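Me: I have a model here and some terms I do not follow. Please take me through them, giving the reason each time.

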Amino acid sequence: MQRTKTFHLLLRVVLLGVIGSYLWGCSSSSEPQPAAPQSTSPADQPLTNEDIVSPANVQMSQVTGRVLDAAGTPVFEAQVFAVGIGAPEMMAITDEKGGYIWALPTGVFTMTAQKEGYVSQTEEIELENSESLTLDFVLQKEP
């Protein structure tokens, strides 16, 4: 009786192994498998330390300013957009004093200030390494 149970248990383990190998594509063959072709594409090569750009290596510039209306009153919650070549569009919201602040990398940016009920204003800026720039906007009420 004990031999029969052991035999059935062993048979189940073997069958499960065979079925598992078939389902998962495992080979029970001891023959060597051919090597996968090696790619010479740079995209397939491992990264080295020289390939990685650290945020500490990026020179950032600071852009600050205010958004005011024609009377010189701060425009609260105006949207200030920064769009640069190769960079995603970014947006800041002005505080109660109409102020905003950006940390942007070196490059050319199109800056736009807008708020519902006002005509938007756009300026293009060019930032050098670690530059500080003040850019104020004056928005006119829509007619």
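Reply: The model is predicted. To begin with rings: those of Phe, Tyr and Trp pair if their centres lie within 6.5 Å. By this rule there is 1 aromatic pair.

Me: Why is the pair of Tyr 100 and Phe 137 called tilted?

Reply: The ring centres of Tyr 100 and Phe 137 are 6.3 Å apart and the planes stand at 40°. Planes under 30 degrees apart would be stacked and those over 60 edge-to-face, so the rest are tilted. The angle of 40° therefore makes this pair tilted. Tyr 100 belongs to strand S4 and Phe 137 to strand S9, 37 residues apart, and the pair links distant parts of the chain.

Me: What makes Tyr 100 and Phe 137 count as buried?

Reply: Buried means under 20% relative accessible area. Tyr 100 has 6% and Phe 137 has 0%, so both are buried.

Me: How do you know whether Thr 112, in strand S5, is buried or exposed?

Reply: Its relative accessible area is 15%. That is under 20%, so Thr 112 is buried. Among the residues in contact with Thr 112 are Phe 81 and Phe 137.

Me: What makes the link between the side chains of Thr 112 and Thr 122 a polar contact?

Reply: The N or O atoms of such a pair must lie within 3.5 Å, one able to donate a hydrogen and the other to accept it. The contact between Thr 112 and Thr 122 is 3.1 Å, so the distance fits the cut-off.

Me: Why is Asp 69 called buried?

Reply: Asp 69, in strand S1, has a relative accessible area of 14%. The limit is 20%, so Asp 69 is buried.

Definitions and conventions: Residues are numbered from 1 along each chain as its sequence is written. This is a predicted model: local features need pLDDT of at least 70, side-chain atom pairs count only at pLDDT 80 or more; totals for chains, interfaces and linings use all residues. Side-chain values use heavy atoms; hydrogens and water are left out. Buried means under 20% relative accessible area, exposed over 50%, partly exposed in between (1.4 Å probe, protein chains only). Contact means heavy atoms within 4.5 Å. Helices (H or I, at least four residues) and strands (E, at least two) are DSSP runs, numbered from the N terminus. Rings of Phe, Tyr and Trp (its six-membered ring) pair if their centres lie within 6.5 Å; planes under 30 degrees apart count as stacked, over 60 as edge-to-face and the rest as tilted. Lists of a residue's contacts leave out its neighbours within four places in sequence.
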